[in-house]
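I opened this notebook to keep a record of what I looked up, one topic at a time. Each entry says what I checked and what came back.

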Amino acid sequence: MRECFELRDTDAGGRIGELTVPRADVTVETPALLPVINPNLDTIAPRRLADEFGAEILITNSYIIHGTDDVRKQALADGLHELLDFPGAIMTDSGSFQLSEYGDIDVTTEEILEFQHAIGSDIATPVDIPTPPDVPRQRAEEELETTQERLEIAEDVDTGDMLVSAPVQGSTYPDLREAAGRHADGTDLDVFPVGAVVPLMNDYRYDDMVDAVAAAKRGLGADAPVHLFGAGHPMMFALGVAMGCDLFDSAAYALYARDDRYLTVRGTRLLEDLEYLPCSCSVCTSHSPDDLRALPDDEREEELAAHNLHVTFAEIRRIKQAIRAGNLLELVEQRARSHPTMLDGYRALLDHADQLERSDPVSKGAFFHVSSESARRSEVVRHHQRLERLSVPDSLFLTEGQPARGDEFDDSWRVEPPFGPFPRALSRSYPLTAEVPERTDRAALSAAADGVARLAETNPDADLALGHRGWPADVLERVPESVELIDFTED
Ligand SMILES: [Zn+2]
């Protein structure tokens with residue numbers, strides 16, 4: 001078990017955990033948001049982040065500190081906590097993005113980490129190579145090799161009780177991401193940012209982002225705290241958490257405020273387009289859109305940044321509550337309705353339902369079937385796997401309704417979309433207590449038919465019949481011919 005990270009609760013791939021940051025002597029509850037602080041221009045003072053917003057951790061850029069003479073001198077003399085006036089944990093980014101954009105800089109991994117240690121960082125970051133999406137494979141491999149060499153060097157640097165992160169790269173090659181995750185997990189480094197996914201998010205490629213993270217997660221152990229690096233929009237936090245990400249950093253709250261952009265969990269709005277403020281934070285209850293528009297630029301920026309942060313932290317709390325309640329995927333479904341590309345992201349997440357199934361609790365409150373995507377959730381996958389292990393009598397009637405012909409068979413099981421068949425004794429166990437709409441959708445029927453098929457395939461000698469209420473022909477085609485079909489609606 002990784003000493004700095006402990007899991008408290010899980011739902012789908014999401015988890016509530018505790019990240020112990022010894023150098024700051026604080027424990028951060030995850031999923032956590034790290035507001036990004038630019039030491040040269042703090043839109044919201046770090047002390048206010050802690051006191052008003054409850055921020056337990058923030059992130060700042062060691063490259064900017066290094067490059068600004070007076071800030072560097074003060075950071076080296078007094079330490080980051082004093083410089084920023086922040087009581088929580090402080091993570092420093094190495095500035096890989098700046099380095100990759102402005103060309104190589106002649107510093108070693110040792111020097112980079114030693115500088116972050118000298119300024120009092122609690123979690124430091126080596127300089128990795130953030131390989132962008134879609135590059136030729138050879139480049140992705142070579143750059144990953146360089147990143148891995150640097151992580152191995154970082155492992156040997158004496159950094160005291162400062163935690164050190166191990167970025168996971170590999171561009172858009174899932175096998176490289178997985179190998180990178182496995183390599184990083186094998187080091188004794190502490191926190192695992194999935195790197196270079198910002199270009200994917202900027203292009204609304206949430207499905208590709210999900211595939212990259214899912215691959216990284218396959219390589220990383222369950223006890224590895226994972227940072228979705230550069231993901232600061234609250235609209236996608238639930239999706240990120242459901243994939244198994246624990247840390248998010250947001251520069252968006254400040255950057256968007258600078259451009260008069262107003263964050264919501266359903267997307268970004270321009271202040272000029274708003275007639276109402278759909279939020280109950282202190283900014284939005286004490287201003288009208290006209291009030292905000294009338295403020296001087298710097299005041300408006302600060303008010304918008306405060307609103308953006310309120311929305312962002314509220315979403316993190318909502319996600320934690322959803323994990324506790326066991327309905328995280330229902331929150332993801334809601335957020336997936338915000339934008340078609342978010343729906344792509346959710347559908348990609350469900351492509352990895354068997355991976356999520358491993359961390360998903362066996363029992364929760366209630367399964368709500370609220371969209372056709374619900375039929376692909378890990379609970380359905382798990383039920384279908386379980387069907388292979390249930391013992392089946394010689395003859396079995398599977399029925400959506402009452403066991404109308406139960407007497408002719410050894411036993412009769414219920415059939416409920418989207419799960420399919422199960423013994424009546426399991427009717428009151430999760431997830432078969434599901435709330436399902438009366439007007440069932442085709443995806444749920446198809447999933448139920450797949451369950452019937454799974455049962456028939458694993459019990460080729462059993463005599464099976466399916467009583468259904470007018471299932472469409474293309475759904476029934478999923479059921480093997482050996483299963484007798486009885487349509488109750490034909491009587
Ligand atoms: Zn607000």
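**Entry 1: the domains.** Before noting anything about domains, I wrote down that their bounds come from an automatic or database domain assignment. I also noted that what I am looking at is a predicted model. For this protein the assignment gives domain 1, covering 5–357, and domain 2, covering 362–487. I then looked up how far apart they are, and the centres of domain 1 and domain 2, taken over C-alpha atoms, are separated by 42 Å. The contact between them takes 14 residues from domain 1 and 11 residues from domain 2.

Which helices of domain 1 supply at least two residues each to the side that touches domain 2? I found α16 (328–336), α17 (340–351) and α18 (353–357). Of these I marked α18, since the largest share of that side, 4 residues, comes from it. Sorted by class, the side of domain 1 that touches domain 2 has 7 nonpolar, 2 polar and 5 charged residues.

**Entry 2: helix α17.** I stayed with α17 and checked its length. Its 12 residues, at 1.5 Å a residue, should span 16 Å, and because the end C-alpha atoms lie 17 Å apart, the expected and the computed values agree. Next I asked which residues of α17 are buried, and the list holds Met342, Gly345, Tyr346, Ala348, Leu349 and Leu350. A rule helped me read such a list: an α-helix has 3.6 residues a turn, so residues three or four places apart point the same way. The buried residues of α17 pack against α10 (206–219), α11 (237–243), α16 and α18.

**Entry 3: the nonpolar cores.** The largest nonpolar core has 111 residues, and those that touch the most other members are Val197, Val213, Leu239, Ala242 and Leu328. Helix α15 (residues 297–325) gives the largest share of this core, 10 residues. Another core lies apart from it and has 24 residues, including Val380, Trp413, Val415 and Phe422.

I picked out Leu239 for a closer look at its contacts. Not counting residues up to four places away in sequence, Leu239 touches Tyr206, Val332, Arg335, Met342, Gly345, Tyr346 and Leu349. Met342, Gly345, Tyr346 and Leu349 were already in my notes as buried residues of α17.

**Entry 4: the annotated positions.** I turned to the UniProt record, an unreviewed entry, whose annotation "binding site" covers Asp128 and Ala196. Although these span 69 residues in sequence, no two of their C-alpha atoms are more than 10.2 Å apart, so they gather at one spot.

Asp128 sits in the loop between β7 (123–124) and α7 (137–156). Is Asp128 buried or exposed? It is buried, because 30 other C-beta atoms lie within 10 Å and 20 or more are enough for that label.

Ala196 has its place in the loop between β9 (192–194) and α9 (198–202), and with 28 C-beta neighbours inside 10 Å it also counts as buried. Leaving aside its neighbours within four places in sequence, Ala196 is in contact with Pro130, Thr131, Pro132 and Gln169.

The same kind of search for "active site" in UniProt, again from an unreviewed entry, lists Asp93. This residue lies in strand β6 (residues 89–93) and counts as buried, with 27 C-beta neighbours inside 10 Å. Beyond its neighbours within four places in sequence, Asp93 is in contact with Ile59, Asn61, Ser62 and Thr125.

**Entry 5: backbone exceptions.** As background for this search, I noted that most residues other than glycine have a negative phi, and most peptide bonds are trans. Ala196 has a positive phi of about 60° although it is not a glycine. Ala12 is not a glycine either, and has a positive phi of about 50°. Ala12 lies in the loop between β1 (5–11) and β2 (14–21), and I noted it as buried, with 28 C-beta neighbours inside 10 Å.

Where did I find cis peptide bonds? One joins Thr30 and Pro31, with omega about 0°, and Pro31 is in the loop between β3 (26–30) and β4 (32–37). Another runs from Pro417 to Pro418, with omega near 0°, and Pro418 lies in the loop between β15 (411–416) and β16 (420–422).

Terms used:
Residues are numbered from 1 along each chain as its sequence is written. This is a predicted model: local features need pLDDT of at least 70, side-chain atom pairs count only at pLDDT 80 or more; totals for chains, interfaces and linings use all residues. UniProt positions are given in the numbering used here, feature names are shortened, and annotations may be inferred rather than shown by experiment. A residue is buried if 20 or more other C-beta atoms lie within 10 Å of its own, exposed if 12 or fewer, and partly exposed in between; C-beta atoms are placed from the backbone. Two residues are in contact if their C-beta atoms, placed from the backbone, lie within 7 Å. Ala, Val, Leu, Ile, Met, Phe, Trp, Tyr, Cys and Pro count as nonpolar, Asp, Glu, Lys and Arg as charged, and the others, Gly among them, as polar. A nonpolar core is a set of buried Ala, Val, Leu, Ile, Met, Phe, Trp, Tyr and Cys residues joined through C-beta atoms within 7 Å. The expected span of a helix is 1.5 Å times one less than its number of residues.
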